[in-house]
Amino acid sequence: MKAIVLEQVEGKTHASVKQIELPGGESGDVLVDVDWSSLNYKDALAITGKGKIIRSFPMVPGIDFAGTVNRSDDARFSVGQQVVLTGWGVGENHWGGLAEQAQVKAGWLVPLPEGLTARKAMILGTAGLTEMLCVMALEEAGVTPESGEVVVTGASGGVGSTAVALLHALGYEVAAVTGRESTHDYLLQLGASRIVPRSDFAETRPLEKQIWAGAVDTVGGPVLAKLLAQTNYSGCVAACGLAGSFELPTTVMPFILRNVRLQGVDSVSAPLARRTLAWQRLAKILPESFYASACTEIPLEDAPQVAEAFLRNEIQGRTLVKVR
Ligand code: NDP
């Protein structure tokens, strides 16, 4: 099969396109012919070697894929069925989706939800699932469209773009925080009602004027700290990313004086029932226009070069990888 292969050369990660065999030791009940994959921030860190994502080489990256079952040893899946995979360490410690085939455990797969094609499922990919989980976290905290304005950070990235479109489609008034002026029109088109420059988030007092009923944060660091200080009484911040920093320079004040909830969101190990529900909701909520405007399609061969651009913050929206 054709695959992106990561190897260690003189202590550095080297990515290339190769013809390889799935190794005999690669365990899994279901063999999937991969049609589409995508590039996520974590893939960019893995492919460039700029993050310690991969510990065992050679490795095929790709934390998500959509494709067709080629062989199944599990009664839940049959040959020809379309499936989606995100997370579970695939593309990190188990060969991943940037390859023509993947062999994975049946319990990691979700049947392609009704209303989605495999291509659309990967325009959403890990970013879409994560974002739906963030929205569910806000809903569970009682944040509704009537609660007030919600804010999305890292808004022009993959998770951020999906967040803006999804929250807008659900009737929320959405503010988009971005560091790039070039993306303002794109964000307004996705459904943001206003843009807030990332530079406004540099400095924070322990408590500031209350602005946000809820927030989806993909960047961490001082931006997340300021969000917390600006969140309304009993509001909720769903934190899922660290594109800016893994640190959180904050105080306990928003929590103990304003009842603010900081809800972590993880998609990698989200239980199957919750991720299935999230996929079903995603398939129904997003408008057709999202899939065209928030996606750039690339061939498998371009993944290493686009991964570099990711970490230079030159990518807008989702990057869909055509594997076959
Ligand atoms: P992208 O690179 O597509 O988007 C990240 C965005 O963050 C950029 O577009 C940029 O938005 C903003 N950004 C970049 N650098 C900085 C910086 N130094 N300071 C502040 N903002 C910055 O990545 P993804 O959307 O794929 O992922 C976003 C984050 O979410 C990542 O940290 C990723 O690891 C995490 N993630 C977590 C998941 C989970 O399960 N918890 C699943 C998927 C992703 P702009 O230019 O608009 O400011």
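These are my notebook entries on a ligand site and two backbone details in this structure.

**Entry 1: the model.** I began by reminding myself that this is a predicted model.

**Entry 2: who sits around the ligand.** Which residues come nearest to the ligand? I found 25 residues around the ligand, and Ser156, Thr178, Gly179, Arg180 and Ser267 come nearest. I then sorted this shell by class: 13 of its residues are polar, nine are nonpolar and three are charged.

**Entry 3: backbone contacts.** Next I looked for polar backbone atoms beside the ligand. Gly158 has one at 2.9 Å from a ligand oxygen atom. Ala243 also offers a polar backbone atom to an oxygen of the ligand, here at 3.2 Å. For Val265 the ligand partner is a nitrogen atom, and the distance to the polar backbone atom is 2.9 Å. How much of the ligand's accessible area does the protein cover? On its own the ligand has 920 Å² of accessible area, and the protein covers 87% of that.

**Entry 4: the pocket and its surroundings.** I looked up the pockets next, and the largest one is the space that the ligand takes. Two elements each give two or more residues to the shell around the ligand: α2, residues 118–140, and α3, residues 158–169. Which domains does the shell draw on? I noted at least three residues from domain 1 (2–112 + 294–322) and at least three from domain 2 (124–264).

**Entry 5: a cis peptide bond.** I turned to the backbone itself. Most peptide bonds are trans, so a cis one earns a note. The bond from Phe57 to Pro58 is cis, with omega near -5 degrees. Where does Pro58 lie? I placed Pro58 in the loop between α1 (41–48) and β4 (64–72).

**Entry 6: a positive phi.** Most residues other than glycine have a negative phi. Ser234 is not a glycine, yet its phi is positive, at about 65 degrees. I found Ser234 in strand β12, which runs over residues 231–239.

Methods
Residues are numbered from 1 along each chain as its sequence is written. This is a predicted model: local features need pLDDT of at least 70, side-chain atom pairs count only at pLDDT 80 or more; totals for chains, interfaces and linings use all residues. Side-chain values use heavy atoms; hydrogens and water are left out. A residue is near a molecule or strand if one of its heavy atoms lies within 4 Å of it. A polar contact is a pair of N or O atoms within 3.5 Å; within protein, one must be able to donate a hydrogen and the other to accept it, and residues adjacent in sequence count only if both atoms are side-chain atoms. Accessible areas come from the Shrake-Rupley method with a 1.4 Å probe; for residues, only the protein chains shown count as cover. On a 1 Å grid over the protein atoms alone, a cavity is a set of points where a 1.4 Å probe fits but cannot get out, and a pocket is an open set with protein on both sides within 12 Å along at least five of seven lines; lining residues have an atom within 4 Å of a point. A molecule sits in a cavity or pocket if more than half of its atoms lie within 2 Å of its grid points. Helices (H or I, at least four residues) and strands (E, at least two) are DSSP runs, numbered from the N terminus. Ala, Val, Leu, Ile, Met, Phe, Trp, Tyr, Cys and Pro count as nonpolar, Asp, Glu, Lys and Arg as charged, and the others, Gly among them, as polar. Domain bounds come from an automatic or database domain assignment.
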